[in-house]
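Colleague: Got a minute to walk me through this one? I'd like to start with the sheets.

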Amino acid sequence: MIPVQFDYLAPASVEEALSALGQHGDDAKILAGGQSLLPVLRMRLNAPEVVIDLGGIASLRGIRDDGDAIVIGAMTTHHDVRDHALVKEHALLLSKAAAEVADSQIRHRGTFGGALAHADPAGDLGAPALALGAQFVIAGAGGTRTVEASDFFVDLFETAIGEDEILTEVRIPKHTGWGAHYEKFVRVAHQWPIVAIAATVKGSIDEARVGLTNMGSTPLRATATEQALTGATATEDGVRAAAELAAEGTNPPSDLNGAADYRQHLARVLTGRAVLKAAGV
Amino acid sequence: MTATQDRPAAEIGKDRRRKEDQRLITGRTRWTDNITLPGMLHLAMVRSPFAHATITSVDVEAAKASPNVVAVLSGKDFGDELGVCINAWPITPDQKTPGHSPMPADRAAFAGEIVAVVVARSAAEARDAAELVDVEYDEQPAVIGIKNALRDEVLAHPDLGTNKSALWVFDSAEAGTGSDVEAAIETARTDGILIEREYRQQRLIPAFMEPRSVVVDPTGEQITMWSATQIPHILRFALAATTGVPESKIRVIAPDVGGGFGGKLQTTPEEWIAWAVARRLSKPVKYTETRSESLMAAHHGRDQVQTLTLAADKEGNVTGFKVHLDADLGAYIAVVGGGVPVLGAFMFNAIYKFPSYRFECQTVLTNTTFTDAYRGAGRPEATYAIERIMDELAAEVGVDPLEIRERNWIKHEEFPFTTVAGLEYDTGNYEAATAKAKESFGYDALRAEQKERRERGDRVQLGIGVSTFTEMCGLAPSRVLGSLDYGAGGWEHASVRMLATGKVEIVTGASAHGQGHETAFSQIVADRLGVPFEDVEVLHGDTQIAHKGLDTYGSRSLVVGGEALVKAVDKVIDKAKHLAAHLLEASEDDLEYKGGRFTVAGTDQGVAIQELATAAFAAHNYPEDMEPSIDAEATYDPVNFNYPHGTHLCAMEVDTETGAVKMRKYTCCDDIGTIINPLIVAGQVHGGLVQGIAQALWEEAVHDEAGTLVSGSFVDYLLPTSADTISFDVVHTDDPSICTTNTLGTKGVGEAGTIASTPAVVNAVVDAVRHLGVSDIQMPCTPERVWRAIHAGDSDAPTPETAMPHFSEGALNQDEGAGQ
């Protein structure tokens, strides 16, 4: 299908991009990897007058070590996140989740920051970012600010990024040596997850972080499960008992792939499996 | 000229790579949407968002003022020149058939129906302007779902007074092909086994890869239509019949067409609108649908509720089968819409010797996209019902599902066999196909594993599904189609042109859209005529070149079109023989034809057929009593359908905690008679299997209560990819049952995989959890449905004594998908 006509801007720097955004305001949409935006435009569900493509801004790409954190540029592709040595060493959960995003073509186009900024609750990266305590670096006309993951996801397709701001990079506190597993439940391989569980654990088990995908209007943490797991021994029975708490406080959608109560059941079962795999049991 | 003596071994049976593939795979070919004509205009359709609404007004002024818009037309702007969309198969004389305008002026009867068309200089400008067309609707109550339609409380077409279109009945007692089914049911109720089930065939979307596209060029003496269609000849006939343009003034071209699966066996509103607009404006026009439009408005498939009563004695010998179908036609009766479920009438008895049989098909109209053929068309539905319920019978009797089938099937020495539905099956060997499939599958080992998992109470249970299918294919025969009130015949036409350079052009009325006709037909001609494969060119899909034909559907191209080709080739050889005798100064009786060469018996004298083609072209020396040509043509109408069959075995793992299902192994042993090209057959089987498996597990077109298609994109309409399937174990019987009603001995294979696989998969899923009290799971078997079935308990497991009917509200399979 053919989108409504729009103007296309390709700024060379974050400053230029911010300036364009300031000028066009809510008539503009930011284009990152385009894997969500272009279908929306082509189906005419949105018709921005201006599309600002961040693809030409080299500083937004790449992954670097920053002491107690690794920093992932917003325009880094899922493919690069998946394969990067720093990610594998310090944030294994992200590597595992990035490997499950859609299909190979999309992983080579779609970007880490673009997916997080899009904030689809069925997206694969929100729950792991939340579980790992990611910090979102957001640039605006007045400089940059950093938002904690717990404050970043506001609602369905809504984040803390202001209309005149751009997500530039995401800091992931190092979880060196933590085991991780991303358990994605789908009917066909290329589908959005019906439910997915992002689990990462230190030792077996000193600490646990569990993120839930598509169990509410934003990514969620299974905090009751996390607390029950802390200091527990990673036995199958123990983990499954803790996982029984995983659906507490969730409000999942009901659609063709499953009603809310079924998703909550899945969250409990899959949380157990994800944690056990993360713990290497 | 190529030396024919060097011709390699027989072409038939050789796994030649397809001639077509290089251009198709690289995209270096001509699809309809690639065609650009000078001055061509582009169309965009304005579609009703409501399932049922009267059209109060259509304001086109803003759209007309949009840049580069040439015209904006709504239904009231057209007269008779718009024509009508036809139903070529009224299944009963009293069928209620709503009038079907390509663009109704007064009322839209399904969401997606076209109410106006915008014509602009570019596709983008047309699309932009289409959003400016202001249509005022008065929304009417819509009827969605078969059960709602049957109540006749809300009418899809108020002027018809009912939603019930036609009731088609076959009864073996009345037809004299068997005894009375009601008597068998009564006996079984008191002294046998009675199984009553309701199965649902969900609505499916053909989802061909290439969206529909049409280009019409009205300039010149003929009006030319290019269309991504399976049926250029039927399309030409229907255009002539409904728009008043003589057939001789119409040329229809189906260039390379990217899949159909029955979904392009249609004469569409979009084609008729493009035709009318081009004629109105005297300009070439193009319309290519978007994927969203394709999912919403190209015809859908299946959509039936099947109410089944199977009577048997206590040993599981079936004594009668009663079938009542309610079939959703959608808002209109499409070209063969009503006939599709009726095709199933002859297949519910499948491979079995049932003494009595009754089939009823009630078609209903609803405010949804019209339905029509989808790969298998009527036969998958029938095969699903019988193969599912035979598993239920096996469970009741307490024997292996293969054992219950063997007790009932036609034994190989009993062929030819006239069935209770009145068809004569010429050949088949169900024992051989089953034995081979069992062996290749490792049936006994998997049954042992299943037992072990059950005993262990494993989280992952294993199920084995059986489907011993047959089908009637090669549609044709014309007399049979006539007896069913189908509006056309089923013959096919072919011609063979022997070119001066020794090359051979063959022209077929079959119209390929991915089947590989160019390759398979070349193999047949190469063998039959004795010329090199490379010297044969296959022409098709253009009514000016292939002036006569009935196109491609119903697994008919090879078994009907291929046979027509054989007959034409034989005529060429006859003519050539006369010329050869003349040139060799020999008697025709002394000539032998072998390897493309006539030789005089007992001498080294001879002449190649390609030399004879040159001689006929030069025409310097030929007999007085013949024309200087060895070209020939033939029209072939088979005397019977043909009946491929096979045994399909599927092993599914079911995660009882989540309901997730995973295919473990799939073996099919198809007996399809002579195989022309094993590679093409493998492709047809693989693709067919995936499409049938997809019905079992993934695909479902869902409308909400308001009639909006919820599964309106591939996000919600789940098509599998290679990542979701496994490597299939495809085998064939060692000694195939050669078809006796055509000379090649072939049987159709295009639909076999789709027909067979759906019940094999569902049987396997049910088998995995039957011990947990599950006797049915509605398709598609989503993890949620499987999980809920496991947790629904065992309250609905019938016993031979109680034989509780399942026909009550709230039972499994009552959910029509609406309102989810």
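Modeller: Sure. First, a term: two strands count as paired if DSSP finds at least two bridges between them. And keep in mind that this is a predicted model.

Colleague: OK, so which strands of chain B form the open sheet, and in what order?

Modeller: Four strands, in the order 21-20-19-25, and the pairing is mixed.

Colleague: Mixed how? Remind me what the options are.

Modeller: Strands in a sheet pair through backbone hydrogen bonds, and that can be parallel or antiparallel. Here, strand 19 (residues 492–498) and strand 20 (residues 504–508) of chain B run antiparallel, with five bridges joining them. One residue pair to look at is B:Val496, whose bridge partner in strand 20 of chain B is B:Ile506.

Colleague: What packs on that sheet, touching strand 20 and strand 21 of chain B?

Modeller: Helix 16 of chain B, residues 517–530. Its direction makes about 135° with that of strand 21 of chain B. Then there's helix 17 of chain B, which lies across strand 19, strand 20 and strand 25 and runs at about 145° to strand 25 of chain B.

Colleague: Switching to the core. How many residues are in the largest nonpolar one?

Modeller: 337. Helix 17 of chain B (residues 557–584) comes up again: the largest share of this core, 13 residues, is from that helix.

Colleague: And which residues have the most contacts inside it?

Modeller: A:Val275, B:Leu43, B:Val117, B:Val118 and B:Val765.

Colleague: What does A:Val275 touch?

Modeller: Leaving out residues up to four places away in sequence, A:Val275 touches A:Ala199, A:Val201, A:Ala208, A:Val210, A:Leu229, A:Val239 and A:Ala243.

Colleague: Now the interface. How many residues of each chain are in contact?

Modeller: 24 of chain B with 18 of chain A. On the chain B side, the elements giving two or more residues are helix 3 (123–130) and helix 21 (783–791). Helix 3 of chain B has the largest share, four residues.

Colleague: What's the chemistry of that chain B side?

Modeller: 11 nonpolar, seven polar and six charged residues.

Colleague: Last topic, annotations. What does UniProt place at residues 1–177 of chain A?

Modeller: An unreviewed entry there gives "domain: FAD-binding PCMH-type". In the model, that span is 33% helix and 25% strand, with its end C-alpha atoms 47 Å apart.

Colleague: And for chain B, what is listed at residues 329–352?

Modeller: UniProt has "transmembrane region", again from an unreviewed entry. Over those residues the model is 21% helix and 0% strand, and the end C-alpha atoms lie 29 Å apart.

Conventions: Residues numbered from 1 in each chain as written. Chains lettered and ligands numbered in written order. Predicted model: local features only at pLDDT ≥ 70, side-chain atom pairs only at ≥ 80, totals over all residues. Contact = placed C-beta atoms within 7 Å. Nonpolar A, V, L, I, M, F, W, Y, C, P; charged D, E, K, R; others polar. UniProt positions renumbered as here; feature names shortened; annotations may be inferred. Core = buried A, V, L, I, M, F, W, Y, C linked by C-beta atoms within 7 Å. Buried ≥ 20, exposed ≤ 12 C-beta atoms within 10 Å, placed from the backbone. Axes fitted to C-alpha atoms, helices over the stretch in contact; angles between N-to-C directions.
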